[in-house]
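Trainee: Got a minute to go through this model with me? I'd like to start with helix packing.

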Amino acid sequence: SGDLIEAFKSEIKSMGLEKEVSVLRTGCLGLCGVGPNVSIYPDNIIYKSVKVEDVKEIVMEHFYKGRPVQRLMLNESDQETNEIHDINKTKFYSKQKRIALHNCGVIDPENIQEYIAKDGYFALGKVLTEMTPQQVVDEIKESGLRGRGGGGFPTGLKWQFALNEPGPEKYVICNADEGDPGAFMDRSILEGNPHSVIEAMAIAAYAIGAHYGYIYIRAEYPIAVERLKHAINEAKELGLLGENIFGTGFNFDLEIRLGAGAFVCGEETALIQSIEGERGMPRPKPPFPAHSGVWGKPTIINNVETYANVAQIIINGAKWFKSIGTESSSGTKVFALGGKITNTGLVEVPMGTTLREVIYEIGGGCPNRKQFKAVQTGGPSGGCLTEKQLDTPIGFDELIKLGSMMGSGGMIVLDEDNCMVDVARFYMDFIVDESCGKCSPCRIGTKRMLEILEDICDGKGTMESLEELETLAHTIKDTALCGLGQSAPNPVLSTISQFRDEYIAHIVDKK
Ligand code: SF4
């Protein structure tokens, strides 16, 4: 993309078009599988898989002669009339609704003026000048927004607990420690629209009575970190962070804390401990962070995607948000669609959309005419769903009922060539690596589970070891200290329940 941008700038200059056409680096458009993408505004045309060699043709044909280059266009065109379809009506976008991802791929994330031109910081101005903290909390409660980090806890309720706590010292935290294999939703939001998170954190701080915040982000996201730093500085320069924001007397500042890539630091108490300078290890709950969080003070922790919805709820109202999605899961959900899928990428759909619509209509199904086998949702804490479960509407509770979970939004499609025992082994290997070692069920139990899985994969498994695997899985679920360990057996249990025959085949075949 970097080379493309330079090539476009140079070609546009050599054609004398630099006053008419500007080239911007934006956030993700979602179509990762056919990147790099070049989006032309206001024409609303997207070029896919663009190479430096294509730049001359696009500039000459599109900008100079006004004729889009059909062979590179994502937009479908009508064969008879030659009319170019609106990009929003293409298969990839037509079922999507962008709330958390709005502005991603549209504005320059390094220019606060572009965010402001799209109603940016309007919601913050509104809450500071027209609403009491309780009214803000009520609005979020009424919207039905639930935490997008995986737990699905009602956001407004969490804010209410923190608001109810007495005392002048409280904190807001953004959990940007996205660590699920295959997940890149939060990274894309921060790279494409960092101000949406900063603005939401200021709103949350006002709502609970906090004046300081932390964004805990993994250092492996260098572009997101740079854009966040830039965005924080821009907001400070315009007086949107700091003292006396909008002349209302409200003070709020925040800083970035870099995580070193430990999966367990996505768990909120481990994250708090890491911010405090300790080794990132979970603490027993209660007390919950809303009562006693960072530095022992009331703290709310929300993930990036949760925050990215907040300003939109304040601007459009709780009723608008509640009208999208299902009764128990309102709004939309962002998914990182990967694995054996034609359109790898980032998608945002209303809750209630079926898995089938996401995988086949948006994702284009499995490539190379391979047969779909399962979809893994929820990462190392989730499970696998099969063909007969694809008509399930997406929602927090619906996926849990099926033995999986929505998690933070990783969605990995598996086809007929994938061995489900190997998939379970992969996730267990990940967990063994990431276990912090504080409690024995997770530290020792997951290691033993991995040994059994490796034995089964190597043809050394027995029916007794399969039984031991299941017993261990249930014991770890019941006894591990934190969510990481409690949910670690899920991929194994879910693959045993859906694909027991594959486990048995490994045991029998190799005998
Ligand atoms: Fe650490 Fe695992 Fe215990 Fe959580 S369950 S505290 S990650 S050892």
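Mentor: Bear in mind that this is a predicted model. Helix H7 (residues 155-164) and helix H9 (residues 194-208) pack at an angle of about 45°, with their axes 8 Å apart.

Trainee: What does that make H7 and H9, oblique or roughly parallel to each other?

Mentor: Oblique, because roughly parallel is kept for angles under 35 degrees.

Trainee: Which residues make the contact?

Mentor: On the H7 side they are Trp159, Ala162 and Leu163. H9 contributes Ala204, Ala207 and Ile208.

Trainee: How do the residues of that contact of H7 with H9 divide?

Mentor: Into 6 nonpolar, no polar and no charged.

Trainee: OK, next pair. At what angle do H6 and H12 pack?

Mentor: About 100°, between helix H6 (residues 133-143) and helix H12 (residues 304-316). Their axes are 10 Å apart. H6 is therefore roughly perpendicular to H12, as angles of 65 to 115 degrees are classed that way.

Trainee: And which residues meet there?

Mentor: Val136, Glu139, Ile140 and Ser143 in H6 meet Val310, Ile313 and Ile314 in H12. The split for this contact is 5 nonpolar, 1 polar and 1 charged.

Trainee: Switching to the ligand. Where does it sit?

Mentor: In the largest cavity.

Trainee: How many residues surround the ligand, and which are the closest?

Mentor: There are 13 around the ligand. The closest are Cys436, Lys438, Cys439, Cys442 and Cys482.

Trainee: What's the nonpolar, polar and charged split for that shell?

Mentor: The shell around the ligand has 9 nonpolar residues, 3 polar and 1 charged.

Trainee: Now backbone oddities. Which residues does a cis peptide bond join?

Mentor: One such bond joins tyrosine 41 and proline 42, with omega about 5°. Another joins proline 286 and proline 287, where omega is also about 5°.

Trainee: Where are proline 42 and proline 287 found?

Mentor: Both are in loops. Proline 42 is in the loop between strand S1 (38-40) and strand S2 (45-47). For proline 287, the loop is the one between helix H11 (268-275) and strand S7 (299-303).

Trainee: What about phi: which residue has a positive value although it is not a glycine?

Mentor: Serine 49, with phi at about 45°.

Trainee: And where does serine 49 lie?

Mentor: Serine 49 lies in the loop between S2 and helix H2 (55-64). S2 also borders the loop that holds proline 42, so you can check the two spots in one view.

Conventions:
Residues numbered from 1 in each chain as written. Predicted model: local features only at pLDDT ≥ 70, side-chain atom pairs only at ≥ 80, totals over all residues. Heavy atoms only, no water. Axes fitted to C-alpha atoms, helices over the stretch in contact; angles between N-to-C directions. Helix = DSSP H or I, 4+ residues; strand = E, 2+ residues; numbered from the N terminus. Parallel < 35°, antiparallel > 145°, perpendicular 65-115°, else oblique. Contact = heavy atoms within 4.5 Å. Nonpolar A, V, L, I, M, F, W, Y, C, P; charged D, E, K, R; others polar. Near = heavy atom within 4 Å. 1 Å grid on protein atoms, 1.4 Å probe; cavity = no way out; pocket = protein on both sides within 12 Å on 5 of 7 lines; lining within 4 Å. Sits in = over half its atoms within 2 Å of the grid points.
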